[in-house]
Amino acid sequence: MADLKVNIGGLLLKNPVMTASGTFGYGEEFADFVDLSRLGGVIVKGTTLHHREGNPYPRMAETPSGMLNAVGLQNKGVNYFIENIYPRIKDIDTHFLVNVSGSSIEDYAVTAEKIAALDKIPGIELNISCPNVKEGGMAFGTSCQSAASVVKAVRAVYPKTLIVKLSPNVTDITEIARAVEAEGADAVSLINTLLGMAIDSNRRRPVLSTITGGLSGACVKPIALRMVWQTYHVVKIPIVGLGGIMNATDAIEFILAGASAIEVGTANFIDPQITEKIADGIDEYLDRNNIASVKELIGGLVCN
């Protein structure tokens, strides 16, 4: 058996397989299907400062080789997480990280500071694809200045591992990656969903209540791979790759492109045991190719 351990900043994962926020609940929901202790980490659903009802239904739609979602960060707020969810997951033998979202820089900072007080939560994933209500709804992650501002504010109050999740809905994702690295991000995760839409031609109406939504699944993988590869060549911090990872081969491709770890998202809806299967598949690949450690694969793509 090969060595599957990887580092994300100061955080040591037992293997590179994590779950993507919004696709795995709080982890408990999958405990009947997956041995959670076998995963490198679980990133729980998006958590905001205050309770959010999310968007009206319909807010999910199947698309060719993927899906659209416009759930709208439905959650009961960070205090509910601290009081009700954290006590139930804190002793599970894997790393639980919280995906933090907000509509203002102050929201992000206060939420992160509250989570910092939880001993058994070693890191957060900062979702900067949220709309900045003070800037007319523009997502924080679509400009270097706004991305840097929110990371700087959170870094000032959050001492643990800080992963920043990047939006692909930008002209050059490497500029955003460099901006958040400069403000103290320990790692970046990419990509978040792409903006898409679906139309019901019989009704002549959008399928989603919000008209547009986030596209994920196998269809986004080539874009995600390209962005991970580009980012790997411009930052020194680790990259967590996600976007269309459906099996172990996909995960290995992301690692070769430069990802130190990966997140599995949409595939969880298709096969609730897929995360364990991917971890096993990576191990089998390493053994088959006489590779002692998964770290030897990171950024190992040969382009000449």
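Two strands are said to pair if DSSP finds at least two bridges between them, and this definition is needed for the exercises below, which concern a predicted model.

**Exercise 1. The open sheet**

Task: Determine in which order the strands of the open sheet of four strands stand, find which strands are at its edges, and state which residue of β14 stands opposite Leu195.

Solution: Begin with the order of the strands, which is β5-β6-β14-β11, with antiparallel pairing in this open sheet. Next, look at the two ends of that order: β5 (60–63) and β11 (194–197) each have a single partner strand, and therefore one side of each is left without a neighbour in the sheet. Neighbouring strands of this sheet are also turned against each other, by 40° on average when direction is ignored. As a general background, the strands of a sheet pair through backbone hydrogen bonds, and they do so either parallel or antiparallel. Now take the edge strand β11, which pairs with strand β14 (residues 212–216) in the antiparallel sense over four bridges. Within this pair, the residue that stands opposite Leu195 is Gly214 in β14.

**Exercise 2. A residue of strand β5 at the surface**

Task: Decide whether Met60 is buried, partly exposed or exposed, and name the patch to which Met60 belongs.

Solution: Locate Met60 first, which lies in strand β5. The relative accessible area of Met60 is 46%, and because the partly exposed class lies between under 20% for buried and over 50% for exposed, Met60 is partly exposed. Finally, Met60 forms a nonpolar patch on the surface with Phe269 and Ile270, and together these residues have about 340 Å² of accessible area.

**Exercise 3. The surroundings of Asn15**

Task: Describe where Asn15 is found, and give the backbone atoms that lie at 2.9 Å and at 2.6 Å from a polar atom of its side chain.

Solution: Asn15 is found in the loop between β2 (11–13) and β3 (17–19). Although this is a loop position, Asn15 is buried, with a relative accessible area of 4%. For the distance of 2.9 Å, the partner of the Asn15 side chain is the backbone nitrogen of Val17, whereas for the distance of 2.6 Å the partner is the backbone oxygen of Arg38.

**Exercise 4. Backbone geometry in the loops**

Task: Find which residues the cis peptide bonds with omega near -5° and about 15° join, and then locate Ser65 and Ile211, whose phi values are positive.

Solution: The cis peptide bond with omega near -5° runs from Tyr57 to Pro58, and Pro58 lies in the loop between β4 (41–47) and β5. The cis peptide bond with omega of about 15° joins Leu190 and Ile191, and the place of Ile191 is in the loop between β10 (187–190) and β11. Turning to phi, Ser65 is not a glycine, and yet its phi is positive at about 60°. Ser65 is found in the loop between β5 and β6 (66–69), where it is exposed, with a relative accessible area of 53%. Ile211, which is not a glycine either, has a positive phi of about 75°. This residue, Ile211, lies in the loop between β13 (205–206) and β14, and with a relative accessible area of 42% Ile211 is partly exposed.

Methods. Residues numbered from 1 in each chain as written. Predicted model: local features only at pLDDT ≥ 70, side-chain atom pairs only at ≥ 80, totals over all residues. Heavy atoms only, no water. Axes fitted to C-alpha atoms, helices over the stretch in contact; angles between N-to-C directions. Patch = residues over 30% accessible without salt bridge, like charges linked within 9 Å, V, L, I, M, F, W, Y side chains within 5 Å. Areas by Shrake-Rupley, 256 points an atom, 1.4 Å probe, with all protein chains shown as cover. Salt bridge = Lys/Arg side-chain N within 4 Å of Asp/Glu carboxyl O. Buried < 20%, exposed > 50% of the residue type's maximum accessible area, 1.4 Å probe, protein only. Polar contact = N/O pair within 3.5 Å; in protein donor to acceptor, adjacent residues only side chain to side chain.
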